[in-house]
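Visitor: I'm new to this one. Could you walk me through how to read it, one feature at a time?

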Amino acid sequence: MQKKIMTVGNWISYLFFLAVWIIIYIFYQSYELLAVLIVLIALVPAGIAAAYIMKNKIQLSCAVRRKQAEKGQSFIVDFTVDNPTILVSRNIALTVEIENTFIGQSRRQYITIPPRILGKKQVSLEYKGLYCGMIQFRIVQCEVRDWLGMVLLENKVNIDTQTAVMPNLNQIQVDYEHLGRGEGHKDAKVISKKGDDVSEITQIRGYVPGDRLQNIHWKLSSKSGDFLVKDYSTPVNNEITMLLDFRKLPQDAGSILDNVLELFFSSILYLCESGQEMYACWFNGESLTEERIAAKEELTGLIYKIYEGRPAQGGPSAYDYYSRLYSQESGNILYFCAKEELQEDTGGGQDIQAEAGEAVAIWL
């Protein structure tokens, strides 16, 4: 509405000035005044024609300088207008939609760039990501204004770039020494390693790289002077499922989601550094997704995969979906959710394994 008012105001100013000049010409009637009057009249269609040509010729681009950034860390986005013509315009206005595609928060920003003849004009702006997720910058509209500001010629575009706002990984300790022993449920996804702990020892042997520290026979090792390891008869079901529930909450959703995500990823990092493999499992609003994680180098890829989805607005929890597919006896499930959802999802009563802000993790 404000743009229309400005355009109408420019027309009123122009017509008033033109009327004054016509009156002056009528009284004095000189060739010089006539020439100026013709130029004044021709400026409007010439400017509109130039703006129309530029609208179809200019090329737009936007690029973020960092493909990922920490929360609260500044990053630069470059917006560029390339004018391959010798024509000029008063300015070019870009409408940019900035959206965190993960949590669905968006806003619009208007950027004015004066174009350069036969060249590029770049404007660099600084942004910060307040919440975890993928921040997308999309130019959705370009407006070219003529010399006198009489018209705004709009052009719908779709040019985007994005950067990932990474979660803060905190020092989290996960107690996983209580994992169930034995073969477990017949439908279990078994992660078996040499030297995994079960009920019956088959042999004592020398330590080799890759053996778990908890399988070292410390008493015999102290007597022999070398590390000795206990081998067991059957593989153990020591699968850990890291079940993430990131349903979108109505109030302060971004902050609570960040708490849940950061607790989830920090716990995965701790288990990876402890040599424990696991499955990361989450419900992306359409289906339950599962990813096996064996090393901390795989954590960044997992973050990007989770960012591709979007938290569901209400509805069943990830716990409900997981319970329909798997029996809880089939593994050890570490469940991550918001505190206010814990009682509703599981009935409460479980010991909290870890918590951070509004997020908790419990063993199921």
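**A guided first look**

Guide: Let's begin with one residue: Q29 is exposed, with a relative accessible area of 56%. Keep in mind that this is a predicted model.

Visitor: Where does Q29 lie?

Guide: Q29 sits in the loop between α1 (2-28) and α2 (31-57). Its backbone is worth a look too: Q29 has a positive phi of about 40°, although it is not a glycine.

Visitor: Which loop holds L118, and is L118 buried or exposed?

Guide: Look between β5 and β6: L118 lies in that loop. L118 is exposed, with a relative accessible area of 57%. L118 also has a positive phi, about 50°, and it is not a glycine.

Visitor: Let's step back. How many helices and strands does the protein chain have?

Guide: The protein chain has seven helices and 16 strands. Of its 364 residues, 45% count as buried. Now take the contacts with a separation of 6 or more: 70% of them are between residues 24 or more positions apart.

Visitor: And what should I know about nonpolar side chains before I look inside?

Guide: In soluble globular proteins, they tend to be buried together. Here, the largest nonpolar core has 40 residues, and F264, I268, L302 and I306 touch the most other members. Two or more residues come from each of β8 (152-166), β11 (240-244), α4 (253-273), β12 (278-283), α5 (299-307), β14 (332-338) and β16 (359-363). The element that gives the most is α4, with eleven residues.

Visitor: What does I268 touch?

Guide: Setting aside residues up to four places away in sequence, I268 touches M242, M278, A280, I293, L299 and L302. Another core lies apart from this one; it has 33 residues, including I92, V144, L153 and V165.

Visitor: How do I read the side chains along a strand?

Guide: In a regular strand the side chains alternate between the two faces of the sheet. Try that on β12: M278, A280 and W282 point one way, while Y279, C281 and F283 point the other way. Both sets are buried, and β12 is mostly covered, with six of its six residues buried.

Visitor: Which strands pair with β12, and in what sense?

Guide: On one hand, β11 and β12 pair in the parallel sense over four bridges. On the other, β12 and strand β13 (residues 288-293) pair in the antiparallel sense over six bridges. Follow Y279 to see both pairings: Y279 is the bridge partner of T241, and Y279 also stands opposite R292 in β13.

Visitor: What does a hairpin look like here, say with β4 and β5?

Guide: Trace β4 (91-100) into β5 (105-113). These two form a hairpin with four residues between them, and G104 in the turn has a positive phi of about 85°. They pair in the antiparallel sense over nine bridges, with V96 opposite Q109 in β5.

Visitor: How many residues lie between β7 and β8 in their hairpin?

Guide: Six residues lie between them, and G149 in the turn has a positive phi of about 70°. The pairing of β7 and β8 is antiparallel and runs over twelve bridges; E143, for instance, stands opposite E154 in β8. Strand β2 (residues 68-70) also pairs with β8, in the parallel sense over three bridges. There, Q68 has A164 as its bridge partner.

Visitor: Now for pockets. How much space lies in the largest pocket, and which residues are closest to its centre?

Guide: About 260 Å³ of space lies in the largest pocket. It is lined by 14 residues, and I98, R107, K128, L130 and I135 are the closest to its centre. Each of β4, β5, β6 (119-128) and β7 (133-145) supplies at least two residues of the lining. By class, that lining has seven nonpolar, four polar and three charged residues.

Visitor: Is I135 buried or exposed?

Guide: I135 is in strand β7, and I135 counts as buried because its relative accessible area is 11%, under the 20% cut-off. Leaving aside neighbours within four places in sequence, I135 is in contact with I98, E99, N100, T161, Q162, T163 and V165. Compare sequence with space as well: I135 and S106 are 29 residues apart in sequence and 9.3 Å apart in space, C-alpha to C-alpha.

How values were computed:
Residues numbered from 1 in each chain as written. Predicted model: local features only at pLDDT ≥ 70, side-chain atom pairs only at ≥ 80, totals over all residues. Heavy atoms only, no water. Core = buried A, V, L, I, M, F, W, Y, C linked by side-chain atoms within 4.5 Å. Buried < 20%, exposed > 50% of the residue type's maximum accessible area, 1.4 Å probe, protein only. Contact = heavy atoms within 4.5 Å. Pairing = 2+ DSSP bridges. 1 Å grid on protein atoms, 1.4 Å probe; cavity = no way out; pocket = protein on both sides within 12 Å on 5 of 7 lines; lining within 4 Å. Points joined across faces, edges and corners; volume = space filled by probe spheres on them. Nonpolar A, V, L, I, M, F, W, Y, C, P; charged D, E, K, R; others polar.
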